[in-house]
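The following exercises concern a single protein chain. Each task is followed by a solution that proceeds step by step.

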Amino acid sequence: MYSDAELAELLADGESTLVERKRNAPAGGGEAIYRTVCAFANDLAGSGRAGVVLVGVEDDGRCADLEIDDALLQRLAQIRSGGNIQPLPSVTVERRTVGGCEVAAIEVEPSASPPVRYRGRAWVRVGATTQQASAEDERRLTERRRAADLSFDMRPVGEAALDEIDMEHARVHYLPRAIAREVLELNERPLPSQLRSLRLVVGDRPTWGGLLGLGVDPQRWLPGACVQFLRIDGREITDPILDQKRLTGKLEDVLRLLGDVLKINISTRIEVAAVPREERWPDYPVAALRQLAWNAVMHRQYDGTNAPVRVYWYADRVEIQNPGDLYGRVTPENFGQDATDYRNPLVAEIMRHLGFAQNFGLGIPLARRALRDNGNPDPEFVFGNGSFKAIARPAA
């Protein structure tokens, strides 16, 4: 619940993703107010803060001198209980005094079960406006709701048996990296039980993450769990293709091959100084490209799509694209800063054990630093339309 001082501060900042001003509330609450309450409950921006509709305030912030009586408050309270907004959001309606102006404050908490709909339609807040949610908005809201549930990579694969897991590879190569040596030596449980403790197996079924990391043939179950690499002789996708590869196999195989492909495609400029010394400048730092590409494999959407991660190397840029937009609490505003969320937490854990993700949440900052140190421009990021794209450009 906001204090009077906090409400005054929000009001002074004008209409935003968190504040809407209304001069009055028509009988029935008013369509616009219902839609805005729905939008605040959806919290598309992922702020985690309550939104407020202030009734009794002009558009320019002046007091409308509206009588805030019990009848008005009861009418506004029907917004929540009228049944037109589903699932029911957490809404409080109070008479408040904000900056000397008496108002009816409708405070709406973000819903834990988005998308919230008003009369069958989801509404979201875009800046200071309330708009009907797009299909991509609804997808993001649905993924945010699922973030509190079991993630896709931790769900068992209903049709797969344990023989889909490469047990020898798991025993010899993966378990020693995932479990401390002294613990592993004392552990007398059978191998499937050890894999269950790591969430790679549930009951007698491998999980999707277990198949990706330790599967005999992961692409049999997830055809899109691969990387498509193109080296293009030009700046357009229609230009001649110099090289193309489809990287498949277990997660470790794909990541290792991807790192190798990136390394061998880097060009190095050699400058010979007056003294017998050479200066070598790569057009791209391999560390940055690896971080960006491995980040795409970690955070991509695996369910509901057969699209691969795409690495397209043009004459003037490298584009790395993965299916799946920003996930959970990560937004375009906080991306690459202090916000971290994982669509595939088990995949991220497997990559960490395998040495492809030493520190969670640092992939993008590390890539940025490596590019800057090499004299490259900062990477560019493109969000939306169900995908995520990172673009690196060569050093001058």
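**Exercise 1: The open sheet**

Val52 has Glu107 as its bridge partner in β5. The model under study is predicted.

Task. Determine how β2 and β5 run relative to each other and how many bridges join them, then establish the strand order of the open sheet.

Solution.
1. Strand β2 covers residues 51-55 and strand β5 covers residues 101-108; the two run antiparallel and are joined by five bridges.
2. On β1, Glu20 stands opposite Val53 in β2. The pairing of β1 with β2 is parallel and extends over four bridges.
3. In general, the strands of a sheet pair through backbone hydrogen bonds, in either a parallel or an antiparallel sense.
4. The open sheet has four strands in the order β1-β2-β5-β4, and its pairing is mixed.
5. The edge strands are β1 (19-22) and β4 (91-98), each of which pairs on one side only.
6. On average, neighbouring strands of this sheet are turned by 25° against each other, direction ignored.

**Exercise 2: The surroundings of the sheet**

Task. State which way the side chains of β1 point and whether they are buried or exposed, and identify the strands across which helix α1 lies.

Solution.
1. Val19 and Arg21 point one way from β1, while Glu20 and Lys22 point the other way.
2. All four of these residues, Val19, Glu20, Arg21 and Lys22, are buried.
3. Helix α1 (residues 4-12) lies across β1, β2, β4 and β5. Its direction makes an angle of about 85° with β4.

**Exercise 3: The nonpolar cores**

Task. Identify which members of the largest nonpolar core touch the most other members, and examine the contacts of Met351.

Solution.
1. The largest nonpolar core has 68 residues, and those touching the most other members are Leu195, Leu258, Tyr302 and Met351.
2. The greatest contribution to this core comes from helix α11 (residues 286-299), with eight residues.
3. Not counting residues up to four places away in sequence, Met351 touches Leu251, Leu255, Trp294, Met298, Phe356 and Ala357.
4. Apart from the largest core lies another core, of 24 residues, including Tyr34, Ile85, Ala104 and Tyr118.

**Exercise 4: Two individual residues**

Task. Decide whether Arg140 has a salt bridge, and explain why Thr305 counts as partly exposed.

Solution.
1. Arg140 is found in helix α4 (residues 135-146), and Arg140 is buried.
2. The nearest side chain of opposite charge is that of Asp325, 5.4 Å away. A salt bridge requires a separation within 4 Å, so Arg140 has none.
3. Not counting residues up to four places away in sequence, Arg140 touches Leu44, Leu326, Val330, Thr331 and Pro332.
4. Thr305 is found in the loop between α11 and β15 (309-313).
5. Thr305 counts as partly exposed because its relative accessibility is 21%, whereas buried means under 20%.
6. Beyond its neighbours within four places in sequence, Thr305 is in contact with Arg300 and Pro323.
7. Thr305 and Ala225 are 80 residues apart in sequence, and their C-alpha atoms are 9.5 Å apart in space.

**Exercise 5: The chain as a whole**

Task. State how many helices and strands the chain has, and what percentage of its residues count as buried.

Solution.
1. The chain has 13 helices and 18 strands.
2. Of its 396 residues, 49% count as buried.
3. Among contacts between residues at least 6 apart in sequence, 67% join residues at least 24 apart.
4. Taken along the principal axes, the C-alpha atoms fill a box of roughly 80 × 65 × 45 Å.

Definitions and conventions: Residues are numbered from 1 along each chain as its sequence is written. This is a predicted model: local features need pLDDT of at least 70, side-chain atom pairs count only at pLDDT 80 or more; totals for chains, interfaces and linings use all residues. Side-chain values use heavy atoms; hydrogens and water are left out. A nonpolar core is a set of buried Ala, Val, Leu, Ile, Met, Phe, Trp, Tyr and Cys residues joined through side-chain atoms within 4.5 Å. Buried means under 20% relative accessible area, exposed over 50%, partly exposed in between (1.4 Å probe, protein chains only). Contact means heavy atoms within 4.5 Å. Two strands pair if DSSP finds at least two bridges between them. Axes are lines fitted to C-alpha atoms, for helices over the stretch in contact, and angles run from 0 to 180 degrees between N-to-C directions. Lys and Arg count as positive and Asp and Glu as negative; His and the chain ends are not counted.
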